[in-house]
Amino acid sequence: VPTPLDDKREPDLTYVINTGRHIAPHLTKGIVVVLESTTYPGTTEDELRVVLEEGSGLKAGSDFHLAYSPEREDPGNPDSKLARIPKVIGGYTPACLDKAMAVYASAIETLVPVSSCRAAEATKLLENIFRSVNIALVNELKLIYHEMGIDIWEVIEAAKTKPFGFTPFYPGPGLGGHCIPIDPFYLSWKAREYGLATRFIELAGEINRAMPGHVVQRCVEALNNAGKPAQGSRILLLGLAYKPDVDDCRESPAFAVMDQLKELGAELSYHDPHVPEVPP
């Protein structure tokens, strides 16, 4: 279920908690409950478990089995097969882990057990934070290399020929989707409970959120070079989803670009075969 941020950019577990409340009365002894939504460490054990136990009268670890196994998928990639993507699993107890692994073993080729639900929750956050921070790095380098007259794409292609110690990431107009722009801030919020600051996460978010403004600036420069003002110019946006070949436009930076161009007085049209209508 979704784990968005609220209007204060803090974790919103409404979907997780409400779903737990709805299923709790239907729990029976021996059943396995697994949360897959990306969230901060402690959600499964400290939040969902309490709701399930209160609503069912059963105890996790003895009456029913509770586990966390983060979702892993690559939307829009036809070569990505769910059965072949290793599955990380953490259990509330060792017995919970064993039961959850037995469930997933029927569909997933490789299982990766970890010591706890918290470790599995932290694993998913690390995966997404790794991407967010590295995308922010190449986005910042894109701006710098542009001013130097250097093609960032050429540089990345050359760097990725190194067979060790380098993973290619690519610049873009900003981050989109329900994971990378949101999930890292679940850890930022939880870290504050321990009196810690997540400076890399916050800085990466700042850089990535600024990229739509860079795209608009480049558009204005291109129009100026053609002797046209942004106001009154007819601009076609190709692609609204957050990545190619998907119909998911959640958090898509295309809409931030669209809004900023509208503020400059541009007349906008769009085309995306995967997104039939612009959401409100």
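Here are four short exercises, each with a worked solution, on the predicted model shown above.

In this predicted model, local features need pLDDT of at least 70 and side-chain atom pairs count only at pLDDT 80 or more, while totals for chains, interfaces and linings use all residues. Residues are numbered from 1 along each chain as its sequence is written, and side-chain values use heavy atoms, with hydrogens and water left out.

**Exercise 1. The whole protein**

Find how many helices and strands the protein has, and what share of its residues is buried.

Step 1: Look for helices (DSSP runs of H or I, at least four residues) and strands (runs of E, at least two), numbered from the N terminus. The protein has nine helices and six strands.

Step 2: Turn to burial, where buried means under 20% relative accessible area, exposed over 50%, and partly exposed in between (1.4 Å probe, protein chains only). Of the 280 residues, 39% are buried.

Step 3: For the overall extent, the C-alpha atoms fill a box of roughly 75 × 45 × 40 Å along the principal axes.

**Exercise 2. The surroundings of T28**

Work out where T28 sits and which residues it contacts.

Step 1: Place T28 in the loop between helix 1 (14-23) and strand 1 (32-35).

Step 2: Check its exposure: T28 has a relative accessible area of 48%, so it counts as partly exposed.

Step 3: Look for contacts (heavy atoms within 4.5 Å). Beyond its neighbours within four places in sequence, T28 touches L58, D63 and F64.

Step 4: Compare chain and space: S56 is 28 residues from T28 along the chain, and their C-alpha atoms are separated by 8.2 Å.

**Exercise 3. Helix 9**

Which residues of helix 9 are buried, and what do they pack against?

Step 1: List the buried residues of helix 9, namely P253, A254, F255, V257, M258 and L261.

Step 2: Find their partners: these buried residues pack against helix 8, strand 5 and strand 6 (267-271).

Step 3: Recall that an α-helix has 3.6 residues a turn, so residues three or four places apart point the same way.

Step 4: Move just past helix 9, where G265 takes a positive phi of about 90°.

**Exercise 4. Lining the largest pocket**

Name the residues nearest the centre of the largest pocket and the element that gives the largest share of its lining.

Step 1: Of the lining residues (those with an atom within 4 Å of a pocket grid point), G174, G176, Y242, K243 and P244 lie nearest the centre.

Step 2: Helix 4 gives the largest share of the lining, six residues.

Note on methods
On a 1 Å grid over the protein atoms alone, a cavity is a set of points where a 1.4 Å probe fits but cannot get out, and a pocket is an open set with protein on both sides within 12 Å along at least five of seven lines; lining residues have an atom within 4 Å of a point.
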